[in-house]
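Work through these exercises with the model open beside you. Try each task before reading its solution.

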Amino acid sequence: MNKQSPMAPAELAPRVHVSHPHDSGPKHVAGTAEYIDDMVEPEGTVHAYLGLSERAHAEIVSMDLDAVRNAPGVIGVLAEEDIPGVNDVSPSHLHDEPIFAPGVVQFYGQPMFAVVAETRDAARRAARLAKVEYRDLPFALDIDAAIAAGGKLVTPPLKLERGDVAAGMAKAQRRVKGRIAIGGQDHFYLEGQISLAIPGEDEDVTLYASSQHPSEIQSMVGAVLGIPQHSVTVNVRRMGGGFGGKETQGNLFACVAALAAKKWKRAVKIRPDRDDDMIATGKRHDFVVSYDVGYNDDGMIEAVTATYAARGGFSSDLTGPVSDRALFHCDNSYFYPAVKVNSLPLYTNTVSNTAFRGFGGPQGMVACERWIEDIAYDLGKDPLEIRKANFYGTTDRNVTPYHQTVTDNIIHRVVDELEASSDYQRRRAAVIAFNKTSKVIKKGIALTPVKFGISFTATWYNQGGALVHVYRDGSIHLSHGGTEMGQGLYIKVAQVLADAFGVDVERVKINATTTGKVPNTSATAASSGTDLNGMAALDAARQIKERLLAHAAQMYEVTPAEVIWVGGGVQAGKQFIEFGELVASAYMSRVQLSAAGFYKTPNIHWDRAAGKGTPFFYFAYGASASEVSIDTLTGEYTVDRVDILHDAGKSLNPAIDLGQIEGGFIQGMGWLTTEELVWDAKGQLRTHAPSTYKIPLASDVPPIFNVKLAEWSVNPEETVGRSKAVGEPPIMLALSVVEALSMAVASVADYKVAPRLDTPITPERVLMGVERLRREAGKR
């Protein structure tokens, strides 16, 4: 016990604020990472499949399922009458999302029943055999149709207001009104929706789900089966992508699997094919934003009014908080002396839209960058000049539309540094010179900022839990409420825990997320996974370390103040005790080596009725500069170069964070350029496979792609390691591509006409924009 440990403190490598490989990275490359469809199925596993409606809005007059029941391999059928609890999987208090349509279908592709068969192929084929008679009802598919039909709301709207808008408009020397349509986006996770349910004794059921929110699935399954939540255990080791699409959308599939498992007392798996997955699950909300902005001759904004109309779909889902967050980000990085913005979350006869990376924030920013663009073209100035003129201040001009004071503003430095490092001014001059002589190919360049608020706006979700066990050999077992979908959460929290104990990361075993170990967890969403779960893990480590320190002081006959944690163990007076040795002796002295940690985000509150509060713990900042080339004869374009400077605070793992920034930018670029959702006149989604829905390819990555962290940034708030969230903010860096394409299109009219392109800016929209601006320029 008294000998010097062979491992000296200085021998350990840093564990946080350094790059460390993703814990599943080698498995991803080798194909050995286990997803639910890779798991060995229990003996007797059967398969479920959904029967979907073929009307946008209709009464179900009759539904003959005899052919389904008599199909080869079919065990049985589930319908509304087979649900012992509630027929609802809505995450909202409105309880308006049935598992199976109760007599009326409200969108094309709504589940009406489920078939259970010996094989997935048999279930899938049988599901197509139902004979359904409908009585058609009026339907509205998009925002304009919903407004024309009376503007039925799917959830209560929100208003944010600060300052005297009427006075601001009267004071303004200039005014611009406009409208922008912002398209939706499918999540297109590589692993689709899937659940495996295994029945247990009594009321018990165990689920393996591809879900960002295992506690919500636990709650939903309990309610649907009419059993307590303690009888439902949900396990999530990893997802093959989520992006918000597995926050609430997995509820349906988990509940169907659980219903079938308990009814037939066999393990049940459900996995839709890609087409049905896209048809039956929600997407990023598309918006139409109408705005009226007053400003002066220098481009300084005096007042803003805007209405953010969203296609909510047939049920509330998360449309309320998504449209709220769109309003929270109607300012991006800009101060409005007077502002009044409203949400208009509309009921439509389409699948209920849902969470998607950014959660409404990106749509809010797209609209505000549109009126910045309008001001710039009206005044004949570089849009960057207008952006910088309207940035939030650091000591004044720093109150948001929701009355939160911005105290951590670093957007000026971020933009100034990127402007210099990307050589923006010289390149912009070169682009303008090129466009004067090039007849067919036109170029554009833009630099846009990002300010994104971090926290769940539903304050109660800002809590996290962790369970830490230290075993006798010094190895550490970590469980927490966060889920891993490829973003690197597991390795980051493991790094934090290893650092707290002063040991190598390899000592920490990262356990699959399970409701049986950490209860009442929040969704891994709102970019909060590391903030919440990392701090909870630290709290658990603190408790265990306090016990170990007290033990070491007693064992080595020193005062507690003389025992300090160092790399690899503790220093007790003049003696160094290696961590494993310390733990082994603590066990022999009956010291508890397990702890449950908890964390709740401090200093946040939100009064939705008043439209006031401090909903965000802090803000993350970033900026991007993009250069593009368009072909004015075809509308085709390329993104030639992108430069990014992003604020991740004091990054816990720079390699992971850079990957999130790069991936977020490309996903945002896809949403704003190539990913177009199209419904036909009957309400059927026509872009339901990669043949018709175009996500970015590797070849779409800009050939020059410079991505850097703002290494000088340190989060002023007490977050884990003073880091900042990095999951969602990078998606909005792609706004620079929209603005660069707009400049290229505007060049055909000598930059005298605001291009006003809707998103996604497909090649067709570029071509139509070019033709429209040429016509408008000819009228002047």
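**Exercise 1. Place N603 and state whether it is buried or exposed.**

Solution. N603 has a relative accessible area of 63%. Buried means under 20%, exposed over 50%, and partly exposed in between, with a 1.4 Å probe and protein chains only. N603 is therefore exposed. Next, place it in the chain. N603 sits in the loop that joins β24 (594–600) to β25 (605–607). Helices (H or I, at least four residues) and strands (E, at least two) are DSSP runs, numbered from the N terminus. Finally, find T614. It is eleven residues from N603 in sequence, and the two C-alpha atoms lie 7.6 Å apart.

A note on sources: this is a predicted model, where local features need pLDDT of at least 70 and side-chain atom pairs count only at pLDDT 80 or more, while totals for chains, interfaces and linings use all residues. Residues are numbered from 1 along each chain as its sequence is written, and side-chain values use heavy atoms, leaving out hydrogens and water.

**Exercise 2. Check the span of helix α14 and its burial.**

Solution. Start with the length. Helix α14 covers residues 489–501, which is 13 residues. The expected span is 1.5 Å times one less than the number of residues. That gives 18 Å for α14, and its end C-alpha atoms are 19 Å apart, which agrees. Now burial. Twelve of the 13 residues are buried, so α14 is largely enclosed by the rest of the structure. Among the buried residues are K492, Q495 and F501. Just after α14 comes G502, with a positive phi of about 70 degrees.

**Exercise 3. Repeat the check for helix α10.**

Solution. α10 (residues 361–379) has 19 residues. From first C-alpha to last it reaches 28 Å, close to the expected 27 Å. Of its 19 residues, 18 are buried. G380 follows α10 and has a positive phi near 70 degrees.

**Exercise 4. Give the strand order of the open sheet of four strands, then find its edges.**

Solution. The order is β16-β27-β28-β29, with mixed pairing. Two strands pair if DSSP finds at least two bridges between them. β16 (441–454) and β29 (704–709) each have a single partner strand, so one side of each is left without a neighbour in the sheet. The twist averages 15 degrees from one strand to the next. Now look at one pair. β27 (residues 618–631) and β28 (residues 637–646) run antiparallel over nine bridges. A623 stands opposite L645 in β28.

Definitions and conventions. Axes are lines fitted to C-alpha atoms, for helices over the stretch in contact, and angles run from 0 to 180 degrees between N-to-C directions.
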